[in-house]
Amino acid sequence: MLEIRDLHAYYGAIEGLKGVDIQVADGSITCIIGSNGAGKTTLLKSISNVVTRKGSITWNGQEITGLKPTKIAKLGITHVPEGRQVFPGLTVRENLETGTIGWHGFFGHGRYEEDLDRVFQLFPRLKERENQKGWSLSGGEQQMLAIGRALMARPRLLLLDEPSMGLAPLIIEEMFKKIVEINRVSRLPVLLVEQNASLALEISDYAYVIEQGRISFHGKASELRDDPRIVAAYLGQFAGQKGA
Amino acid sequence: MSMFVSLTINGLAMGMVYALLAMGLVLLVRAVGSLNFAQGDFLMMGAYVSFGYIYMLKMPEIIGVILSVITYAAIGAAFMVSFYWPVRKAKWSQAIMVCTLAASMIFKDAANLIFGTTTKAPSAIMPGSLKIAGLSLQYQYLIIIGVCFFVILGVFTLFEKLYFGRMMEAASQNKYAAELIGIPTILTMAATYMISMTIAGIGGYLVAPIFLVETTLTKLQLRAFAGVVVGGFGSLKGAIYGCILIGLIESYSTYVITTYKDLVVFGALLLTLVIRPQGFFGESIAEKA
Ligand SMILES: Nc1ncnc2c1ncn2[C@@H]1O[C@H](COP(=O)(O)OP(=O)(O)OP(=O)(O)O)[C@@H](O)[C@H]1O
Ligand SMILES: [Mg+2]
């Protein structure tokens, strides 16, 4: 279980998070919804320790606040960053291979053929594009690759930053189905950050709403879906448009 | 005919030495995003260090070479700690490049200070020449070609084929994503500096008997720059082919003129920039992205 208490994050004088408390239960999908600049990305960056922050973050009871990003990745907390960030000059297969570094080590001999097969089964498109360079993939394919790379890390918690960003509605739905599948197959907990609130709430067990660096609502996703305040601000016909 | 063959051998040998410099240059550009103006000084230091071990400390050649390679790697790491690390977060991104200019001056002064200002003349690794079919080819050039071939192949294989190289490549393409997935980018970067210095140093050791050991050795760096541009900036393969081309052009030009061969080399560079600014051998531009 991931537990975040009183988390503050800073970009120089700007305070990106102003005291946030969040829990991600084992085996669950937890989502954070919020509009542009609310602090969603900052929250995930704080977990991975790539931004200045203070507060407490524990992973299965272990305090991880002081650990370096690579150390946190090694624990199995795998972060799929906003905008996919695949390695442009590496092929699809090579991109996937980089995901193994945490458990394989530079000079290790661990085998990852089975991991590769599993990713290719989940995303057959990646198999077809195995030897194509990262830069040449479409947005949706890059997102699959970014998630696939994370799965190669044998994650124990998956942090997903706006997997729907810039994708066509049909592709988004497919992507979300895959996220559910990933979660169900191995009970892998997922912390999903999204602007697309309606879809995120649909697949999540628990949800938080973040506004200007603070959590304004939280509860079971099914309850938030019916909450008139959430509907008005994030699910209304017009509210829904702004995320697209 | 025999003139042509020996010019080809000499040009190939020098081109491959430029390639050692150029590969390091490209690897560093990819890893830290800025040009290293001390690359020629890496080569010069290489020549001094091996001269120091073999002629000043009078070690057997093979021991001297092994110690030199270890020293090269150490200098590479020290270079990163002193000229990259302190400025890596500087607001002005070109600060790293300016630091390499400073490093270049410091290297030259250090060489004069440690080894003295007199020009040193190491003898050829294997004196004499190979005489076949009416040709006379200096062994030194043949050795340069052989050693460079294996070093170039080794570095190329490391980056293109091996797991460790793949991680280095990933880290240089997107440092942020690499960190998030768990690649220790400090280590991959240190390895890049060590490899860059080591292969340049080996180049210095190889050319020392031809050009003698003095601080002007650094000028070979300009040939490497030209090779990188002609080959296609950012690509290892391009750097290798481009440098060999420069080496050959330079060598053939001595058949006609000896004093103005710089003019020929940089003429080729300018011509490339005019007719094919992306270089001749690089993979497609988007590859670097
Ligand atoms: N590198 C930075 N420097 C300064 N301020 C930043 C930086 N990154 C983010 N911020 C600020 O922190 C706040 C939160 O940003 P964050 O990126 O976490 O938003 P977000 O919820 O992910 O938004 P989006 O949905 O657009 O991705 C914003 O006000 C933003 O301007
Ligand atoms: Mg964001």
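**Buried spots, paired strands and a helix crossing**

User: Where does A:Leu17 lie?

Analyst: In this predicted model, A:Leu17 lies in strand E2 (residues 14-24) of chain A.

User: Why is A:Leu17 called buried?

Analyst: Buried means under 20% relative accessible area. A:Leu17 has 0%, so A:Leu17 is buried.

User: What is A:Leu17 in contact with, leaving aside its neighbours within four places in sequence?

Analyst: Quite a list: A:Leu7, A:His8, A:Ala9, A:Gly39, A:Thr42, A:Leu43, A:Ser46, A:Ile210 and A:Gly213. Take A:Ile210: it sits 193 residues from A:Leu17 along the chain, yet their C-alpha atoms are separated by 9.5 Å.

User: And over in chain B, what makes B:Gln140 count as buried?

Analyst: Same test, new number. The cut-off is under 20%, and B:Gln140 has 2% relative accessibility, so B:Gln140 counts as buried. B:Gln140 is found in helix H5 (residues 139-161) of chain B. Setting aside neighbours within four places in sequence, B:Gln140 is in contact with B:Ala124, B:Ile125, B:Met126, B:Leu206, B:Pro209 and B:Ile210.

User: Back to chain A: how do you know that strand E7 is mostly covered?

Analyst: Just look at its residues: five of the five in E7 (residues 157-161) are buried. In a regular strand, side chains alternate between the two faces of the sheet. For E7(A), one side has A:Leu157, A:Leu159 and A:Asp161, the other has A:Leu158 and A:Leu160, and all are buried.

User: What makes E7(A) and strand E8 of chain A a pair?

Analyst: Pairing takes at least two bridges, and E7(A) has four with E8 (residues 190-194), in the parallel sense. In one of them, A:Asp161 has A:Val193 of E8(A) as its bridge partner. Strand E6 (residues 77-80) of chain A also pairs with E7(A) in the parallel sense, over four bridges, and A:His79 stands opposite A:Leu159.

User: Why are H2(B) and H8(B) called oblique to each other?

Analyst: The axes of H2 (residues 39-56) and H8 (residues 185-211) of chain B come within 7 Å and cross at roughly 60°. Parallel would need an angle under 35 degrees, and perpendicular would need 65 to 115. The angle fits neither, so the two helices are oblique. H2(B) passes H8(B) in a right-handed crossing.

User: Which kinds of residues make up the contact of H2(B) with H8(B)?

Analyst: They divide into 10 nonpolar, seven polar and no charged. Among them are B:Phe42 and B:Gly46 in H2(B), and B:Ala200 and B:Gly204 in H8(B).

Conventions:
Residues are numbered from 1 along each chain as its sequence is written. Chains are lettered from A and ligands numbered from 1 in the order in which they are written. This is a predicted model: local features need pLDDT of at least 70, side-chain atom pairs count only at pLDDT 80 or more; totals for chains, interfaces and linings use all residues. Side-chain values use heavy atoms; hydrogens and water are left out. Axes are lines fitted to C-alpha atoms, for helices over the stretch in contact, and angles run from 0 to 180 degrees between N-to-C directions. Angles under 35 degrees count as roughly parallel, over 145 as roughly antiparallel, 65 to 115 as roughly perpendicular and the rest as oblique. A crossing is left-handed if the near helix is turned anticlockwise from the far one by less than a right angle, and right-handed if clockwise. Contact means heavy atoms within 4.5 Å. Ala, Val, Leu, Ile, Met, Phe, Trp, Tyr, Cys and Pro count as nonpolar, Asp, Glu, Lys and Arg as charged, and the others, Gly among them, as polar. Buried means under 20% relative accessible area, exposed over 50%, partly exposed in between (1.4 Å probe, protein chains only).
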